[in-house]
Amino acid sequence: MTSTTSATAATPKAPAPSSDLVLSGVSKQFGAYHAVRDLDLTVPEGAFFALLGPSGCGKTTTLRMVAGLEEPTTGTVSLGEQDITRLRPYKRPVNTVFQNYALFPHLDIFENVAFGLRRRGVKDVKQQVGEMLDLVELGAFGKRKPNQLSGGQQQRVALARALINRPQVLLLDEPLGALDLKLRRQMQIELKRIQTEVGITFVHVTHDQEEAMTMADTIAVMNAGVIEQRGTPAELYDLPATTFVANFLGQSNLVRAAIIGKAHEQLVVDVHGSKVTVPTPRCRVTEGEVWMGIRPEKVFLAPAGAEQNGNALRGATVTDVSYVGVSTQYLARMPWGQELTVFEQNTGARDTLRVGDPVDLHWQPAHTFVLDAAQDALAGVEDIADDA
């Protein structure tokens with residue numbers, strides 16, 4: 001009897017079923033136009049996930065297919081073990097927060113938040129509404145009308161109204177787009193705090209790279225209906241897989257080059273007659289013509305002829321100096337005519353360089369990345385300009 005009891009007690013519990021959001025082979029066509037192409041995507045349960053890309057890339061269409069507002073042309077959408085591809089929106093354990101808030105102007109804030117509970121027939125809503133208003137730090141605003149709140153406060157009300165229904169997934173469609181820059185940055189921090197507290201899966205659609213990097217655990221960069229790269233903000237920024245990601249997520253200097261050899265786990269790259277080294281794991285291709293990439297803040301400008309460790313491109317001339325507060329942005333024209341961008345923090349450690357100064361560019365090999373030269377070096381650049 002005792003041994004049976006002990007054996008039973010020692011039996012491990014079966015793991016709880018996953019509630020990951022999974023899109024398998026999802027495509028969406030509008031006539032001849034392919035908005036989303038054969039998309040495979042898994043959003044882990046409890047993650048803060050961002051779909052990042054320019055206007056028209058398919059990210060909002062993807063979100064609408066998860067919400068049930070669009071039906072996939074092909075493929076399936078599932079949440080845990082449940083296939084929700086054909087479910088009506090109101091039958092899905094999913095809620096959406098839109099950019100325009102969509103609050104009821106005739107109801108006070110308390111009743112806006114309570115709306116979903118009352119619709120489901122819940123009679124005693126006071127405690128749940130109070131907890132939600134406290135979560136979004138609007139506990140004292142329950143009796144006010146939406147037009148008596150700021151844009152950021154209204155967005156918090158919309159968030160509380162969605163969260164009170166306890167969805168498995170909360171979809172956020174450009175939720176901060178209507179806010180000014182300072183308020184948007186405050187709300188980025190607040191959204192991350194709230195997601196951490198409630199532990200619900202957030203899927204956030206945005207074209208704003210800073211917004212995605214500030215809040216998301218994982219980002220999928222989308223372009224022309226497909227995902228170019230997925231990873232943590234640091235992974236995508238530090239080691240982009242394509243020229244589009246390199247340009248869309250921050251800025252990159254991409255220089256035409258050629259791989260000419262290998263030495264001690266590093267590839268030797270010829271850049272217009274200068275030789276630089278790149279760790280092999282940081283190279284998407286390992287032979288032939290390539291784009292050598294380096295982020296502007298990783299480059300150090302030194303007076304011409306100065307000796308530094310690491311990689312160097314010599315013979316440049318400063319052509320532009322822009323003071324932007326926390327840093328100074330330089331443009332340096334290389335001997336082959338290309339202008340490269342360099343960001344230097346304004347620490348006061350040295351005097352600002354001037355237009356016309358001869359300089360060399362120095363950086364560490366571990367900060368270099370190499371991409372396939374068959375890709376467009378301007379991919380992502382024009383999209384940013386158009387989106388602005």
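This is a short talk on two helices, one buried glutamine, and the empty space in this structure. The model is a predicted one, so please keep that in mind throughout.

I will start with helix α3, which runs over residues 109–119. Asp 108 caps its N-terminal end. The contact there is between a side-chain oxygen of Asp 108 and the backbone nitrogen of Phe 110, at 3.2 Å. Within the helix, the buried residues are Ile 109, Phe 110, Asn 112, Val 113, Ala 114, Gly 116 and Leu 117. Those residues pack against two other helices, α4 at 126–135 and α5 at 151–163. Just past the end of α3 comes Gly 121, with a positive phi of about 90°.

Next is α4. Its buried residues are Val 129, Met 132, Leu 133 and Leu 135. Viewed down the axis of α4, they fall within an arc of 155°, so they line one face of the helix. As a reminder, an α-helix has 3.6 residues a turn, so residues three or four places apart point the same way. What does the face of α4 turned away from the buried side carry? It carries the exposed residues Lys 126, Gln 127 and Asp 134. On the buried side, the packing partners of α4 are α3, α5 and α6, the last of these spanning 181–198. After α4 there is again a positive phi, this time at Glu 137, near 60°.

Now the open space. The largest pocket holds about 790 Å³. Its lining comprises 24 residues, and those nearest the centre are Val 94, Asn 95, Thr 96, Arg 119 and Asn 165. Which elements supply at least two residues each to this lining? They are β6, residues 94–98, together with α3 and α5. The largest share belongs to β6, with five residues. So α3 appears twice in this talk: its buried residues pack against α4 and α5, and the helix also contributes to the lining of the largest pocket. By class, that lining has 15 nonpolar residues, four polar and five charged.

The enclosed space is next. There are three cavities of 30 Å³ or more in the structure, and the largest cavity has a volume of about 60 Å³. Around this cavity sit Leu 21, Leu 23, Leu 41, Val 43, Phe 49, Leu 51, Thr 62, Leu 63, Val 66 and Val 203. Two or more of the lining residues come from each of β1 (21–30), β2 (33–43), β3 (48–52) and α2 (59–67). Here α2 gives the largest share, three residues. The lining of the largest cavity divides into nine nonpolar residues and one polar, with no charged residue.

The last item is Gln 229, in strand β10, residues 226–231. Is Gln 229 buried or exposed? Its relative accessibility is 11%, so Gln 229 counts as buried. What does its side chain meet there? A polar atom of that side chain lies 2.6 Å from the backbone nitrogen of Ala 241. Leaving aside residues up to four places away in sequence, Gln 229 touches Ile 219, Ala 220, Val 221, Glu 235, Leu 236, Leu 239, Pro 240, Ala 241, Thr 242, Val 245 and Arg 284. Ala 241 is therefore both a residue that Gln 229 touches and, through its backbone nitrogen, the partner in the 2.6 Å pair.

That is the end of the talk.

Key. Residues are numbered from 1 along each chain as its sequence is written. This is a predicted model: local features need pLDDT of at least 70, side-chain atom pairs count only at pLDDT 80 or more; totals for chains, interfaces and linings use all residues. Side-chain values use heavy atoms; hydrogens and water are left out. Buried means under 20% relative accessible area, exposed over 50%, partly exposed in between (1.4 Å probe, protein chains only). Helices (H or I, at least four residues) and strands (E, at least two) are DSSP runs, numbered from the N terminus. Contact means heavy atoms within 4.5 Å. A polar contact is a pair of N or O atoms within 3.5 Å; within protein, one must be able to donate a hydrogen and the other to accept it, and residues adjacent in sequence count only if both atoms are side-chain atoms. On a 1 Å grid over the protein atoms alone, a cavity is a set of points where a 1.4 Å probe fits but cannot get out, and a pocket is an open set with protein on both sides within 12 Å along at least five of seven lines; lining residues have an atom within 4 Å of a point. Grid points are joined across faces, edges and corners, and a volume is the space filled by probe spheres set on the points. Ala, Val, Leu, Ile, Met, Phe, Trp, Tyr, Cys and Pro count as nonpolar, Asp, Glu, Lys and Arg as charged, and the others, Gly among them, as polar. The arc is that of the directions from the helix axis to the C-beta atoms.
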